[in-house]
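Visitor: I have a model open on my screen and would like to learn how to read it. Could you walk me through a few features?

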Amino acid sequence: MASFEIHGGKKLKGEVIPQGAKNEALQILCGVLLTPEKVTISNLPDIIDVNKLINLLQAMGVKIEKVEKGTYIFQAKDLDLDYLKSEDFKERASGLRGSVMIIGPLLARFGKAFMPKPGGDKIGRRRLDTHFEGLIKLGASFNFDSKEHFYTVEAEKLEGVYHHMDEASVTGTANIVMAASLAKGKTTIYNAACEPYLQQLCKMLNNMGAKITGVGSNLLHIEGVKELGGCYHRILPDMIEIGSFIGLAAMTQSEITIKDVGYEHLGIIPTIFKRLGIKLERRGDDIFVPAQESYEIDTFIDGSILTVSDAPWPGFTPDLLSIILVVATQAKGSVLVHQRMFESRLFFVDKLIDMGAQIILCDPHRATVIGMNRENNLRGIQMTSPDIRAGVSLLIAALSAEGKSVIHNIEQIDRGYQDIDIRLNNLGADIRRV
């Protein structure tokens, strides 16, 4: 396992271009299975999770051609469906949570799909009921082998239906939308996820010949078609990385310009960082974050302590709450961070406390941060990255801390951030991969 050695306390300066969105890429890559024709995808991030899914598709029989860095042509013309029962498939697919989204396309096109229990971040229980309930509504039968941890989904034909989802699951919505796009008749999905990456998937499917309306809302209508064709699709900038760079600039008192952010797709993200007292300005499609000596957390109108909590889109994305928590440690004022959507995602705060942060972990979902207003700098320590977002939060803390920090298990960071050490070193950071 590789580690990062970070010498903190350096002010950064310069421009940085965000990578393509990881969470969009995982949906879009699964979507190529819906057609035997060529699909060209650009702005794919070169990160572990995306590369794992590309390799899985190739092992399934998808022909893949790399055009240039970040741009690939996929053609799922001759798939090896027997491979889906192999031990190699089970091993590859179980190591990546995003692989669950191959079920909808395979079911719609071939009438059957297989899937081991997927992996991913260890951030508490993340159930798959929402996926399978939607597919069963469309006419699929479902079986789970508890000994092998293996799912089998089959359907002679899929027929459109009204489906009210019990939760606005992004990957669940993606699976159901992809399956419904080739089902017979009309499907209506209520309480659908509506985040930008799901909108992008619907946009791609419509370019392939699907008939999806209501995109951007939580009420989707899908008129099934007999077949889908090829298309070109460009992936959005990664909003989580953009938020990470905003937080990094504030913590390290750095002047950073984040280029080509796709500002209209960022939703409430800039507003939440502004509520922490962070100055940022939109310059065309760039975000400029000036160097700040200090930043003060806002309060509610009645003067009570601000609460920042996650919610399904268009609420604040849960993937940025760990960044908010870290940034608040050096702010003036206090904030309650409430992680509603996932369990155990705040458990990395013990590392921040060891660094000198003032944080009270109230329970698995809530933490109160008492900002130190830079009166006491964080100190460098040795730590281990538990998941992607916590890993980058610890990296930001280390870059702002005095002395040397070491972060182990940085594969977790590499799963979601492309060449993060190289790009930050170009801004003036001192990060060594050891």
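Visitor: Let me start with Thr188: is this residue buried or exposed?

Guide: Keep in mind that this is a predicted model. The general idea is to compare relative accessibility with a cut-off: a residue under 20% is called buried. Thr188 has 11% relative accessibility, so it counts as buried.

Visitor: Where does Thr188 lie, and which residues is it in contact with, leaving aside neighbours within four places in sequence?

Guide: Thr188 belongs to strand 10, which covers residues 186-190. With those sequence neighbours set aside, its contacts are Val161, Tyr162 and His163, together with Leu219, Leu220 and His221.

Visitor: Can we read a helix in that way too? How many residues of helix 6 are buried?

Guide: A general point helps here: an α-helix has 3.6 residues a turn, so residues three or four places apart point the same way. In helix 6 (residues 170-180), 9 of the 11 residues are buried, so this helix is largely enclosed by the rest of the structure. The buried ones are Gly172, Thr173, Ala174, Asn175, Ile176, Val177, Met178, Ala179 and Ala180.

Visitor: What is found at the start of helix 6?

Guide: There, Ser169 has a side-chain oxygen that comes within 2.8 Å of the backbone nitrogen of Gly172. Gly172 is also one of the buried residues of this helix.

Visitor: Now let me zoom out. Which domains make up the protein chain?

Guide: Domain 1 takes in 3-19 + 237-433, and domain 2 runs over 22-234. Measuring between centres over C-alpha atoms, they are 31 Å apart.

Visitor: How many residues of each domain are in contact with the other, and what area do the two bury?

Guide: On the domain 1 side 23 residues are in contact with 22 residues of domain 2. Between them the domains bury about 2,000 Å², with 52% of it on carbon and sulfur atoms. In domain 1, the residues that lose the most area to domain 2 are Trp313, Arg415 and Gln418, together 32% of what that side buries.

Visitor: Which polar features should I look for across this interface?

Guide: There are 6 residue pairs in polar contact, and the salt bridge count is 1. Asp49 and Arg415 form a salt bridge, with their closest N and O atoms 2.9 Å apart.

Visitor: And which helices supply the domain 1 side?

Guide: Helix 12 (388-400) and helix 13 (411-414) each supply at least two residues. Helix 13 gives the most, with 3 residues. By class, this side has 8 nonpolar, 6 polar and 9 charged residues.

Terms used: Residues numbered from 1 in each chain as written. Predicted model: local features only at pLDDT ≥ 70, side-chain atom pairs only at ≥ 80, totals over all residues. Heavy atoms only, no water. Domains from an automatic or database assignment. Contact = heavy atoms within 4.5 Å. Buried area = accessible area lost by both parts, 1.4 Å probe. Salt bridge = Lys/Arg side-chain N within 4 Å of Asp/Glu carboxyl O. Polar contact = N/O pair within 3.5 Å; in protein donor to acceptor, adjacent residues only side chain to side chain. Helix = DSSP H or I, 4+ residues; strand = E, 2+ residues; numbered from the N terminus. Nonpolar A, V, L, I, M, F, W, Y, C, P; charged D, E, K, R; others polar. Buried < 20%, exposed > 50% of the residue type's maximum accessible area, 1.4 Å probe, protein only.
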